[in-house]
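Student: I have a model open on my screen and I'd like to learn how to read its packing. Can you walk me through it?

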Amino acid sequence: MAIVTGGCGALGGAVTRALAQAGASVAIVDRHADAARPHAERICRDGGEAVAIAADVLDEAAVRAARDQVLRTHGRVDILVNAAGGNVERARNDDRPPFEVPVEAFDEVLRLNLHGTVIPSLVVSETMGRRKSGCIVNVSSMAASRALSGVLGYSAGKSGVEAFTRWLAVDLARRYGEGIRVNAVAPGFFVGRQNRDALLKPDGSYTERAQAIVARTPMGRFGRPEEVAAAITWLCSDAASFVTGAVIPVDGGFSAFSGV
């Protein structure tokens, strides 16, 4: 059984479909069950098994309730993918110096990305520890390892996600052996609902920011959500049985390129 937080987004949706196609039953967790339900119904129509569950990843009690609902119906949680996250518009500073960003906006985006990964991971790893089995995959970003303009809070949150991934991987492996693995993927640049206006003009052509990103991506294009989902599916499979504490870039070579 797999739990995917943020399963209604472009990336989270691709992950839920990929895991279902690989044979996993999927619980799609979103703040609003009405938003997740169509995604679950689509998977079921395609022959998979999925359920929509309402929970805010920043509400520990709600996350525990979602986990317990899965345990009641399926008896176990094998996979957790933390795809919930993203930037907060009022925390951006594209057109202003960083000291003009409200501290509470910085806190909001930091909590969404870091706490929104830590809380589900700790809640679900508790039950994984009892069985000494399970796999957690977190979603980081190029912003964790590269200074990207305008996204200070998001960068700090995703950097925390990577540090947390390594820490939890080591701790759980030392406590429970090889049965529990924790990894992350660091996507490159993908056009989604949150960043569409920053990357695409109304006519669909690239903005100046998009042109700069593609110029720094050796493969010369934006990524597709299903490409990240494929990497996550691999990390959840037995093919990655000796992989833990890793952050896998899925970025078309962006992180490897010096720009020269």
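Tutor: Sure. Keep in mind that this is a predicted model. Let's start with one residue and its contacts, skipping neighbours within four places in sequence.

Student: Okay, which residues is Val15 in contact with on those terms?

Tutor: Val15 touches Val4, Val81, Ala229 and Ile232.

Student: And how does Val15 fit into a nonpolar core?

Tutor: A nonpolar core is a set of buried residues joined through side-chain atoms within 4.5 Å. Here the largest one has 33 residues, and Val15 is among the members that touch the most others, along with Leu19, Val81, Ile232 and Cys236.

Student: Which elements give two or more residues to this core?

Tutor: On the helix side, α1, α2 (33–45) and α8 do. The strands are β1 (2–5), β2 (26–30), β3 (50–54), β4 (79–82) and β5 (134–139). Apart from that core lies another, of 20 residues, including Ile3, Val124, Met128 and Ile180.

Student: Now the helices. How do α1 and α8 pack, and at what angle?

Tutor: For a helix pair, look at the angle and the distance between the axes. Helix α1 (residues 10–21) and helix α8 (residues 225–236) pack at about 50°, and their axes are 8 Å apart. That angle makes α1 oblique to α8, and their crossing is right-handed.

Student: Which residues make the contact?

Tutor: From α1, they are Ala10, Leu11, Ala14, Val15, Ala18 and Leu19. α8 brings Pro225, Glu226, Val228, Ala229, Ile232, Thr233 and Cys236. By type, the residues of this contact divide into 11 nonpolar, one polar and one charged.

Student: What about Thr16: is it buried or exposed?

Tutor: The cut-off you need is that buried means under 20% relative accessible area. Thr16 has 1%, so it counts as buried. This residue is in helix α1. Leaving aside neighbours within four places in sequence, Thr16 is in contact with Val4, Gly7, Val26, Ile28 and Ile43.

Student: Let me try the next one. Where does Ala36 lie, and is Ala36 buried or exposed?

Tutor: Ala36 lies in helix α2. Its relative accessibility is 0%, so Ala36 is buried. With neighbours within four places in sequence left out, Ala36 is in contact with Cys8, Ile28, Asp30 and Ala52.

Student: And how far apart are Ala36 and Val88, in sequence and in space?

Tutor: Read the two separations side by side. Ala36 and Val88 are 52 residues apart in sequence, and 21 Å apart in space from C-alpha to C-alpha.

Conventions: Residues are numbered from 1 along each chain as its sequence is written. This is a predicted model: local features need pLDDT of at least 70, side-chain atom pairs count only at pLDDT 80 or more; totals for chains, interfaces and linings use all residues. Side-chain values use heavy atoms; hydrogens and water are left out. Axes are lines fitted to C-alpha atoms, for helices over the stretch in contact, and angles run from 0 to 180 degrees between N-to-C directions. Helices (H or I, at least four residues) and strands (E, at least two) are DSSP runs, numbered from the N terminus. Angles under 35 degrees count as roughly parallel, over 145 as roughly antiparallel, 65 to 115 as roughly perpendicular and the rest as oblique. A crossing is left-handed if the near helix is turned anticlockwise from the far one by less than a right angle, and right-handed if clockwise. Contact means heavy atoms within 4.5 Å. Ala, Val, Leu, Ile, Met, Phe, Trp, Tyr, Cys and Pro count as nonpolar, Asp, Glu, Lys and Arg as charged, and the others, Gly among them, as polar. Buried means under 20% relative accessible area, exposed over 50%, partly exposed in between (1.4 Å probe, protein chains only).
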